[in-house]
Amino acid sequence: VLGLHAAFQAGIAVPENTWKLTSEHFTKTQNKDGGWGYNAGEMPSYGSMTGAGLSSMFICGGRLFHPKACGDFQEDKRIAAGLDWVGKYFSTKGNPYVQQGEVQYVQRNGWDWYYLYSMERVGILSGHKYFGGKDWYRLGATYAVDTQQADGGWGSAVETSFALLYLAKGRLSV
């Protein structure tokens, strides 16, 4: 969906039905707690997938909602539920997931930056500087300083790429 969004921004036509089908997918796969999991159904909600779901819903909503006047907007209860989930569980301890009502963290498995980049996308696309009263960019940037390795990276090339995306794009004004 991020790729489609970038293509659209570059002037490439994306059929409206593509946005509708994508929005329907993320609507159907959202969990009752407001988050998204790696599989539809009774799988736990994860921070990384909730970030992907929310970002996708923001992007699709921006393509599908056509306001009649400046300031005209609709509240999307699915997006509100997802933002509530992020507000409750955002952390730099690891990728949060909720199982049987209890938050746990996938810690330091090499995908920390994938999760944090998904949160950065939510922050920028939603215009939120805070998730549940937590300054998501400042917390992530502090985590970056604390975990950067002597060679300047954050582990693998993939992890370093996500860390740099987080740091570079997360500074946009929100």
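**View 1. Gln30 is tucked away in a loop of this predicted model.**
Gln30 is buried, with a relative accessible area of just 16%, and the model you are looking at is a predicted one. To find Gln30, go to the loop between helix 2 (16–29) and strand 1 (45–46). Its side chain has a polar atom 2.8 Å from the backbone oxygen of Gly34. A polar atom of the Gln30 side chain also lies 3.0 Å from the backbone oxygen of Arg78. Who else does Gln30 touch, if we skip neighbours within four places in sequence? Those contacts are Gly35, Trp36, Arg78, Ala81 and Gly82.

**View 2. Thr29 is a buried residue of helix 2.**
Slide over to Thr29, which sits in helix 2. Is Thr29 buried or exposed? Its relative accessible area is 14%, and buried means under 20%, so Thr29 counts as buried. The Thr29 side chain reaches the backbone oxygen of His25, at a distance of 2.9 Å. Once neighbours within four places in sequence are set aside, Thr29 is in contact with Trp36 and Ala40. Trp36 is also on the contact list of Gln30, so look for it in both views.

**View 3. Helix 2 and helix 3 cross each other.**
Now for a pair of helices. Two packed helices are described by the angle between their axes and the distance between the axes. For helix 2 and helix 3, the axes come within 9 Å and cross at roughly 145°. The crossing is left-handed. On the helix 2 side, look for Glu16, Trp19, Lys20, Thr22, Ser23, Phe26 and Thr27. They meet Ala52, Gly53, Ser56, Met57, Ile59, Cys60, Arg63 and Leu64 of helix 3. Sort these contact residues by class and you get seven nonpolar, five polar and three charged.

**View 4. Arg63 of helix 3 is partly exposed.**
Arg63 belongs to helix 3, and it is one of the residues that meet helix 2. With 22% relative accessibility, Arg63 counts as partly exposed. Which residues does Arg63 contact beyond its neighbours within four places in sequence? They are His5, Phe8 and Trp19. Another residue to pick out is Leu4: Arg63 and Leu4 are 59 residues apart along the chain, while their C-alpha atoms are separated by 11 Å.

**View 5. Helix 3 also packs against helix 5.**
Here helix 3 (residues 47–64) is shown with helix 5 (residues 112–126), and their axes come within 8 Å and cross at roughly 30°. That is why helix 3 is described as roughly parallel to helix 5: the label applies to angles under 35 degrees. The crossing of helix 3 and helix 5 is left-handed. Helix 3 brings Gly47, Ser48, Met49, Gly51, Ala52, Leu54, Ser55, Phe58 and Ile59 to the contact. From helix 5 come Tyr114, Tyr115, Ser118, Met119, Arg121, Val122, Leu125 and Ser126. By class, the residues in this contact are 10 nonpolar, six polar and one charged.

**View 6. Tyr166 is a buried residue in helix 7.**
Tyr166 is part of helix 7 (residues 157–169). How much relative accessibility does Tyr166 have? The value is 0%, so Tyr166 counts as buried. A polar atom of the Tyr166 side chain lies 2.6 Å from the backbone oxygen of Trp136. There is also a polar atom of that side chain 3.5 Å from the backbone nitrogen of Gly140. Leaving out neighbours within four places in sequence, Tyr166 is in contact with Trp113, Leu116, Tyr117, Glu120, Trp136, Tyr137, Gly140 and Ala141. Take Ala141 from that list: it is 25 residues from Tyr166 along the chain, with the two C-alpha atoms separated by 8.4 Å.

**View 7. Gln100 is a loop residue with a positive phi.**
Gln100 lies in the loop between strand 2 (95–99) and strand 3 (102–106). Most residues other than glycine have a negative phi. Gln100 has a positive phi of about 55°, although it is not a glycine. At a relative accessible area of 83%, Gln100 is exposed.

**View 8. Gly133 is another exposed loop residue.**
Look for Gly133 in the loop between strand 4 (130–131) and strand 5 (134–135). Gly133 has 64% relative accessibility and counts as exposed. How far apart in space are Gly133 and Lys88? From C-alpha to C-alpha the distance is 9.4 Å, with their positions 45 residues apart in sequence.

Note on methods
Residues are numbered from 1 along each chain as its sequence is written. This is a predicted model: local features need pLDDT of at least 70, side-chain atom pairs count only at pLDDT 80 or more; totals for chains, interfaces and linings use all residues. Side-chain values use heavy atoms; hydrogens and water are left out. Axes are lines fitted to C-alpha atoms, for helices over the stretch in contact, and angles run from 0 to 180 degrees between N-to-C directions. Helices (H or I, at least four residues) and strands (E, at least two) are DSSP runs, numbered from the N terminus. Angles under 35 degrees count as roughly parallel, over 145 as roughly antiparallel, 65 to 115 as roughly perpendicular and the rest as oblique. A crossing is left-handed if the near helix is turned anticlockwise from the far one by less than a right angle, and right-handed if clockwise. Contact means heavy atoms within 4.5 Å. Ala, Val, Leu, Ile, Met, Phe, Trp, Tyr, Cys and Pro count as nonpolar, Asp, Glu, Lys and Arg as charged, and the others, Gly among them, as polar. Buried means under 20% relative accessible area, exposed over 50%, partly exposed in between (1.4 Å probe, protein chains only). A polar contact is a pair of N or O atoms within 3.5 Å; within protein, one must be able to donate a hydrogen and the other to accept it, and residues adjacent in sequence count only if both atoms are side-chain atoms.
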